[in-house]
Amino acid sequence: GVYPEIIQSRTLARALLKRNFNTEKFGEDQPLLKILTYSEEEPEFGLAALEKMAVEALLKKINVSKSRQSSILTLEVSAFEPQLAADIITALIEELDKHQQKFKSTRVSEKRQFIAGRIEEVQVDLEKAEETLKQFRYRNRQIQNSPSLLLEQERLSREVQVVIGVYTTLKQEHELAKIQEVEETPVLHILDPPEAPLERAKPKKKRTVILAGFLGIGFGVGLVFVREYWKNSSEK
């Protein structure tokens, strides 16, 4: 699957930087961009440079590993406060879901438009096939005693039926695509949302397990199973 690449992409990181988070250290409702870069001080760099620095810093705090036995992905996020780590994971899953929903919507829309174009083409083919059969019958009204003419009429009739079958299938697929286009089904289903751990550990990491799967029409559709814990480590 492509979930690890999406989770660790700059696109998803930039989306997280625009979201606000609450921290004990910097207060409530602060942009993650500010938390990861200039905090309470005035920024020394321009917005573009700050964003680039923050993206690099955030991606270093995110790690994704995949189980060899299954399609389960383990997502690790480091943070200086446990609740912030949990909140970042929650936001990350939400942004991942938005990204995949947009991807799914785009693919379905493209599919619907393609089918609509094919319907127009097949409709032209059907009209031509029907006209050919009509003209044949008009020119050959007495064909009962002509095996060759009967065979040709059967062939033309069969061609019309084949095109009708294709046309009917495309119309059905077009209706299904229109339904899928307006459906608001979630791409990721969270079974166990992140919770802040009770103990602190080094490194400070929260873990989320994502069961990544591609269902339905082959888009990024999966089931998210969230499970987090803190690594226990002894102080040296």
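Is Lys 134 buried, exposed or partly exposed? At 47% relative accessibility, Lys 134 counts as partly exposed, where buried denotes a relative accessible area under 20%, exposed over 50%, and partly exposed the range in between, computed with a 1.4 Å probe on protein chains only.

The structure is a predicted model, in which local features need a pLDDT of at least 70 and side-chain atom pairs count only at pLDDT 80 or more, whereas totals for chains, interfaces and linings use all residues. Residues are numbered from 1 along each chain as its sequence is written, and side-chain values use heavy atoms, with hydrogens and water left out. The average pLDDT of the chain (the predictor's confidence in each residue, from 0 to 100) is 77, and a score of at least 70 is reached by 72% of the residues. Over residues 210-236, pLDDT stays under 50. For this stretch the model has 92 contacts beyond four places in sequence, a contact being defined by heavy atoms within 4.5 Å.

The chain contains six helices and six strands. These elements are DSSP runs numbered from the N terminus, with helices (H or I) of at least four residues and strands (E) of at least two. Their order from the N terminus is α-α-β-β-α-α-β-β-α-α-β-β. Of the 236 residues of the chain, 34% count as buried. Among contacts between residues at least 6 apart in sequence, 68% join residues at least 24 apart.

Helix H2 (residues 10-17) packs against helix H4 (residues 47-60) at an angle of about 110°, and the two axes are 9 Å apart. Axes are lines fitted to C-alpha atoms, for helices over the stretch in contact, and angles between N-to-C directions run from 0 to 180 degrees. H2 is therefore roughly perpendicular to H4, a class that covers 65 to 115 degrees; angles under 35 degrees count as roughly parallel, those over 145 as roughly antiparallel, and the rest as oblique. On the H2 side the contact involves Arg 10, Ala 13, Arg 14, Leu 16 and Leu 17; on the H4 side it involves Glu 51, Ala 54, Val 55, Leu 58 and Leu 59. By class, seven of these residues are nonpolar, none is polar and three are charged. In this classification Ala, Val, Leu, Ile, Met, Phe, Trp, Tyr, Cys and Pro are nonpolar, Asp, Glu, Lys and Arg are charged, and the others, Gly among them, are polar.

Side chains of opposite charge can pair when their charged atoms come close. The structure holds 11 salt bridges, each defined by a side-chain nitrogen of Lys or Arg within 4 Å of a carboxyl oxygen of Asp or Glu. One of them joins Glu 131 and Lys 134, with 3.2 Å between the closest N and O atoms. Both residues lie in helix H5 (residues 82-139), three residues or about one helical turn apart. Glu 131 is partly exposed, at a relative accessible area of 35%.

Two further salt bridges are located within helix H6 (residues 147-182). Arg 155 pairs with Glu 159, the closest N and O atoms being 3.5 Å apart; four residues, about one turn of the helix, separate the two. Relative accessible areas of 37% for Arg 155 and 38% for Glu 159 make both partly exposed. Glu 175 and Lys 178 form a salt bridge with an N to O distance of 3.1 Å and are three residues apart, again about one helical turn. Lys 178 is partly exposed at 35%, as is Glu 175 at 38% relative accessibility. In addition, Arg 19, Glu 94, Glu 95 and Lys 98 are joined into one network by salt bridges that share partners.

Two residues of H5 were also considered by C-alpha distance. Lys 134, in helix H5, is 9.8 Å from Gln 153, C-alpha to C-alpha, across 19 residues of sequence. Ala 116, also placed in H5, is 8.3 Å from Lys 171 by the C-alpha atoms, although the two are 55 residues apart in sequence. At 23% relative accessibility, Ala 116 counts as partly exposed.

Asp 29, a residue of strand E2 (residues 27-31), has a phi near 55°, a positive value in a residue other than glycine. With 52% relative accessibility, Asp 29 counts as exposed.
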